[in-house]
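Subject: Structure for your review

Dear colleague,

Please find below the structure that I am handing over to you. I would be grateful if you could read the notes that follow with the structure open beside them.

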Amino acid sequence: MNEITVPAMGESITEGTIFKWHVKEGDSVNIGDVLLELETDKVNLEISAEASGVVQKILCQEGDNVTIGEVIGQISPEEGVGSEPAPTKGEEAPAPVQAETKAAPEPPKPAAESADGSTPTASPSARKLARERGIDLDQVQGRDPIGRIYHDDVKNHSAESAKPAAAGKPEQRSAAPAASADSIGKPVERQRMSRRRQTIANRLVEAQHTAAMLTTFNEVDMTAILDVRKRRKDAFKEKHDVSLGFMSFFTKAVVGALKRFPLLNAEIDGEDIIVKKFYDIGIAVSAKEGLVVPVVRDADRLGFAEIEKEIVDLANKARSNTLSLSELQGGTFTITNGGVFGSLLSTPILNTPQVGILGMHKIQLRPVAIDAERSENRPMMYIALSYDHRIVDGAEAVRFLVTVKELLEDPESLLLEG
């Protein structure tokens with residue numbers, strides 16, 4: 001019997017959540033076939049079969065949290081091994097197995113109970129669903145020969161059996177979110193928070209709790225950059241097969257400012273400050289499963305076309321959920337662009353352990369004073385720098401942002417920044 005185990009997924013990742021099984025018990029598989037998709041804090045990973053055979057058992061269900069090395073399924077090397085006991089799946093299972101599990105449900109039950117005989121063994125997703133519906137797990141009839149209760153067992157539990165269980169334990173019924181939602185007499189929809197969304201939520205709260213975060217603002221006159229793009233975009237696209245966007249200008253400006261104010265390219269490690277002598281710039285990308293920040297490596301050594309190509313490639317991978325862990329780790333500073341969604345002004349939250357993040361916003365025509373007597377409508381963008389005040393002083397942060405502004409308003413100067 002070959003075991004399906006959770007593989008090592010890179011540093012800092014020790015567990016994941018089963019997002020979707022692509023096979024079911026009884027399916028024949030070959031080496032390399034995708035068995036399931038595993039959702040981690042950063043990316044989704046596909047786990048492939050390491051041996052050919054028949055999927056004999058699926059031990060963990062969709063929604064279950066699993067750790068590295070945990071056995072989550074079994075593949076039999078021989079086809080058609082149907083005589084060994086395995087959890088049945090309703091009408092898909094052979095009739096004799098159905099009859100066996102229905103006729104003798106009680107013997108496995110003691111094995112499913114804990115040491116005090118009070119709570120059956122159940123998968124995390126089964127326990128969650130039982131809590132939501134106010135169902136007593138003792139009343140759920142599992143189909144696993146060893147007595148483990150799965151998500152489908154709770155889901156298929158009849159409403160008639162659930163009601164008496166809830167009535168016997170009013171504290172469970174009152175604590176069930178679904179019951180309280182129904183009590184307001186309004187339609188609601190419950191959606192499971194993805195693992196990535198949970199991680200984003202936790203990290204954003206952590207950033208606000210651990211860092212002394214402040215934000216400073218400035219505005220950039222985008223006239224010169226728009227002029228360069230207008231004059232050069234066609235030739236640039238023809239030569240490099242990529243469009244000349246704004247991100248390459250901002251990446252270059254950030255690198256130039258980081259060289260002048262190195263503490264914004266640092267992080268805190270206990271009582272030490274680690275100042276990084278390289279420039280790996282994270283670019284925030286909005287994907288279906290939530291925000292991710294892939295990293296443009298050694299941005300100081302790249303030209304405009306190389307930066308644009310790298311950003312396009314990483315953004316496409318983020319939206320197709322094919323980013324590797326290495327493409328998400330180790331950034332030194334982050335740029336986020338809320339302007340693509342129409343944001344005029346915002347205060348970006350630090351991407352810890354980084355101590356600085358630059359927020360870009362919508363370009364909007366606004367009247368700008370040219371001198372004491374004249375004003376013009378100019379394409380202006382508000383920019384925001386959030387920083388960790390524990391190691392970055394306010395004056396340093398303000399000067400950093402002014403440097404970014406000056407470099408952007410004089411695009412030719414960006415060529416001198418390497």
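The notes below go from the whole chain to its nonpolar cores and then to single residues.

Please bear in mind that this is a predicted model.

The chain as a whole

The chain holds 12 helices and 19 strands. Of its 418 residues, 43% are buried. Among contacts with a separation of 6 or more, 64% join residues that are 24 or more positions apart. The exposed surface of the chain comes to about 22000 Å², and 50% of this area is supplied by carbon and sulfur atoms.

Nonpolar cores

In soluble globular proteins, nonpolar side chains tend to be buried together. In this model, the largest nonpolar core has 73 residues, and the members that touch the most others are Trp21, Leu35, Ile281, Phe333 and Phe400. Helix H10 gives the largest share of this core, with 8 residues. Another core, of 9 residues, lies apart from it and includes Leu129, Ala130, Ile135 and Val154.

A buried threonine in helix H10

Helix H10 spans residues 247-260, and Thr251 is part of it. Is Thr251 buried or exposed? Its relative accessible area is 1%, which is under the 20% cut-off, and Thr251 therefore counts as buried. Leaving aside residues up to four places away in sequence, Thr251 touches Ile281, Ile283, Ala299, Ile307, Ile311 and Ile335. One of these, Ile281, is also among the core members named above.

Backbone features in the loops

Three loop residues deserve a look at their backbone geometry.

The peptide bond that leads from Thr352 to Pro353 is cis, and its omega is near 10°. Pro353 sits in the loop that links strand S16 (333-337) with strand S17 (356-360).

Asp241 has a positive phi, near 60°, and is a residue other than glycine. Asp241 belongs to the loop between helix H9 (223-240) and H10. Its relative accessibility is 64%, and because the cut-off for exposed is over 50%, Asp241 counts as exposed.

Asn321 is not a glycine either, yet its phi is positive, at about 60°. The loop that contains Asn321 runs between helix H11 (304-319) and S16. How buried or exposed is Asn321? With a relative accessible area of 24%, Asn321 lies between the cut-offs of 20% and 50% and is therefore partly exposed.

With kind regards

Terms used: Residues numbered from 1 in each chain as written. Predicted model: local features only at pLDDT ≥ 70, side-chain atom pairs only at ≥ 80, totals over all residues. Heavy atoms only, no water. Helix = DSSP H or I, 4+ residues; strand = E, 2+ residues; numbered from the N terminus. Buried < 20%, exposed > 50% of the residue type's maximum accessible area, 1.4 Å probe, protein only. Contact = heavy atoms within 4.5 Å. Areas by Shrake-Rupley, 256 points an atom, 1.4 Å probe, with all protein chains shown as cover. Core = buried A, V, L, I, M, F, W, Y, C linked by side-chain atoms within 4.5 Å.
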